[in-house]
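Subject: Two-chain model, handover and notes

Hello,

Here is the structure I promised to pass on. My notes follow right below it.

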Amino acid sequence: MTAILRPEDITANKLISSAAEWTLQYVLKPIGQILLFVFIAGGSISLLALVVGFVLQTDWHGIDILRVPARINLFEQVLRQLPNMLLDGITIGFVYAVIALGYTMVYGVLKFINFAHSEIFMLGAVVGYEVMMRLNEAELLSSLPPLLVVVLMIVMAMVVCGGTAVIVERVAYKPLRGAPRLVPLISAIGVSFFLTDFVRAFQALNRNVFNMPYLTDRVPFFNERIVFAQGVSTTYTTVIIIVSAIIMLVGLNYFVNATKIGKGIRAVSQDQATASLMGINVNQMITITFLVGGALGGAAGVLFGLKTTNITPYVGFIPGLKAFTAAVLGGIGNITGAMLGGLLLGMLEAFFSALLPYFPALGLGYSDIFAFAVLILVLLFRPTGLLGKKVDEKV
Amino acid sequence: MALLELENVHTYYGHIHALKGISLKVNEGEVVTLIGANGAGKSTTLRTISGLARPRMGKIMLEGVLLNNVPPHKITRMGVGHVPEGRRIFPELTVRENLEMGGFSVPRQQLQERMEYVFQLFPRIKERLNQLGGTLSGGEQQMLAMARGLLLNPRILLLDEPSMGLAPVLVDQVFDVIHQLHAKGTTILLVEQNARMALQVADRGYILQSGQIVMADSAKALQNSEVVRKAYLGEE
């Protein structure tokens, strides 16, 4: 008997085994998958780093860690930097992964790249800043538990950004549903400009500021370091970023695979007309997709703010572009792919940021070029992305 | 009052006048078939009923309620089950999830009951519950599509070319199920190219030609009609 499991007909005895099954299916399995991706991304980047370090190891005219010209042994440097590089890559990679989910989910249902998503992300960072400032003004920032502060920031950002994404869809995309594909794309770029300038104007009127520094200095907890080994340490902020990203990824996995609405969204992304024949309200599913994608983008904004600690209204563009790249790298439309793509791109970036400062002719600013070059190489050989499937265009 | 009634329905695809004034009736418990060549407008008729295409003129009524401007998902929830042409299984959802989508608007308590009912009709599907829809064979996909349409417990089931592209033995199976459904009192509007088998199972039939109904009669009478035999049954 393979009848469908329903809470009603599960006896107490079965309840335990099904609770275990449930945990396995929707908590342990996705966490395992995320860990696997971390290992894949981390492993391949470590390998790359070691090989590059080994090949270029001797007699290099570079600058050492104190920015003094010196002959450096690159292999030694790489070995020394590897643990921190991996930690850095994982942190930023998770942020990219969470943003990338917003791109990939919307692409899945509408076959359209929501270029305003990067500004939704920026808005999330700004909302996080506002919550921090308000708490500070109420003199609650240092008295509240820091974790509660983070949760407040994330939840507020999710609410505001989810709502904004839904409104944006209603106003700027829905009326263009039947139009040629380029039209909503241009509309998205317009929304993107609008949101940037709206935030700029709002903050200028509100606080008369342009730079919005996060007040992480006021809470010692954020900057406390956890030391793993000599020279390998990280802050609690990093841990918060990684843990909250994992919670969101697992939550999204549950939502998409186990809930009725999530399955409805997947059905709509595969075949809209047939989904409507099943009694699924396609418009409602699209709205929910924007809500969830926007909320994730907002949360990612807060995490990004905690990491970089300085926010401007223009901060969304580059991470947004990278997250979009991550989504393409993993296979656009594929949720698992977005996670893998995000982690890989984060690692690549961390690798090049760690390596390039040794070469005075290049420098840190070139790290993006190399990261994107790797992307181009991957796409040359796998145009559908790493986990994308070859799909025939619908006639 | 007829369960489903179309009155002088005109549907356009862009500039193409696909349906030129279709009028038909399906009574409760009847199996009615719509026969015609490729491009005659059979699928368009079904799509217009379930709201995927919109009529420019005319009336579509389910028990006297006008469906013209009701969105497709609401028409489905009102009890019109549409099994589309080409089966349209969700390839990346498992068979179980495909069925759950079919029962999207069905309350949880009734869903289990409906599942048992369709498993009775299609025992094969039960063996494949955890497989992805796209990995099923054509015949299995057709069974799944029909099961998915039946989960809703529709007042009327619209079947679009259920035998298309299937091996003869599977065609027999499909029609066997239609016979069973008929015996259980399910109302069906069946679109088929296989006119012979369609007329065997149906009570009444309509012949569609370039967007117009050219003949309407009982299935028996159509089977015996000279014109139908020549044009659609391939007899001399």
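Helix 6 (residues 138-150) of chain B lies across strand 6 and strand 7 of chain B. The helix runs at about 170° to strand 6 of chain B. Please keep in mind that this is a predicted model.

**The open sheet in chain B**

Strands 6 and 7 belong to an open sheet of 6 strands. The order is 6-7-8-3-9-10 in chain B, and the pairing is mixed. Strand 6 (80-83) and strand 10 (212-218) of chain B are the edges, each pairing on one side only. On average, neighbouring strands of this sheet are turned by 15° against each other, direction ignored.

Helix 1 (residues 42-49) of chain B also packs on the sheet. This helix touches strand 3, strand 6, strand 7 (156-160), strand 8 and strand 9 (204-209) of chain B. Its direction makes about 145° with that of strand 7 of chain B.

Two pairings within the sheet can be given in detail. Strand 6 and strand 7 of chain B run parallel and are joined by 4 bridges. There, Gly81(B) has Leu157(B) of strand 7 as its bridge partner. Strand 3 (residues 31-36) and strand 8 (residues 187-192) of chain B are also parallel, with 5 bridges. Val31(B) is bridged to Ile188(B) in strand 8.

What covers the faces of strand 6 of chain B, or rather, which residues there are buried? Val80(B) and His82(B) are buried on one side, and Gly81(B) and Val83(B) on the other. Both faces of this strand are covered.

**Other strands in chain B**

Strand 1 (residues 4-13) of chain B pairs with strand 4 (residues 55-62) of chain B. The sense is antiparallel, over 6 bridges. Glu7(B) has Lys59(B) of strand 4 as its bridge partner.

Strand 4 of chain B also pairs with strand 5 (residues 65-66) of chain B. These two run antiparallel and share 2 bridges. Leu62(B) is the bridge partner of Val65(B) in strand 5. The two strands form a hairpin with 2 residues between them. In this hairpin, Glu63(B) takes a positive phi near 50°.

**Two more positive phi values**

Most residues other than glycine have a negative phi. Arg87(B) is not a glycine, yet has a positive phi of about 65°. It sits in the loop between strand 6 and helix 3 (95-102) of chain B. Is Arg87(B) buried or exposed? Arg87(B) is buried, because 24 other C-beta atoms lie within 10 Å.

Lys111(A) has a positive phi of about 55° and is not a glycine either. Its place is the loop between helix 2 and helix 3 (117-137) of chain A. Lys111(A) has 13 other C-beta atoms within 10 Å, so it counts as partly exposed.

**Chain A**

Chain A has 13 helices and 6 strands. Of its 395 residues, 45% count as buried. Take the contacts in chain A with a separation of 6 or more: residues 24 or more positions apart account for 74% of them.

One helix pair deserves a look in the viewer. The axes of helix 2 (residues 74-110) and helix 12 (residues 335-355) of chain A come within 6 Å. They cross at roughly 145°. The crossing of helix 2 of chain A past helix 12 of chain A is right-handed. The residues of this contact divide into 18 nonpolar, 7 polar and 2 charged.

Helix 12 is not the end of the story for chain A. Ile40(A) is found in helix 1 (residues 12-55) of chain A. Its C-alpha atom is 8.4 Å from that of Leu344(A), although the two residues are 304 apart along the chain. Ile40(A) is partly exposed, because it has 15 other C-beta atoms within 10 Å.

**Where the chains meet**

How many residues does each chain give to the contact? Chain A gives 18 residues and chain B gives 25 residues. On the side of chain A, helix 8 (260-270) and helix 9 (272-277) are the elements that give two or more residues. Helix 8 of chain A gives the most, with 5 residues. By class, this side of chain A has 7 nonpolar, 7 polar and 4 charged residues.

Best wishes

Methods. Residues are numbered from 1 along each chain as its sequence is written. Chains are lettered from A and ligands numbered from 1 in the order in which they are written. This is a predicted model: local features need pLDDT of at least 70, side-chain atom pairs count only at pLDDT 80 or more; totals for chains, interfaces and linings use all residues. Two residues are in contact if their C-beta atoms, placed from the backbone, lie within 7 Å. Ala, Val, Leu, Ile, Met, Phe, Trp, Tyr, Cys and Pro count as nonpolar, Asp, Glu, Lys and Arg as charged, and the others, Gly among them, as polar. A residue is buried if 20 or more other C-beta atoms lie within 10 Å of its own, exposed if 12 or fewer, and partly exposed in between; C-beta atoms are placed from the backbone. Two strands pair if DSSP finds at least two bridges between them. Axes are lines fitted to C-alpha atoms, for helices over the stretch in contact, and angles run from 0 to 180 degrees between N-to-C directions. A crossing is left-handed if the near helix is turned anticlockwise from the far one by less than a right angle, and right-handed if clockwise.
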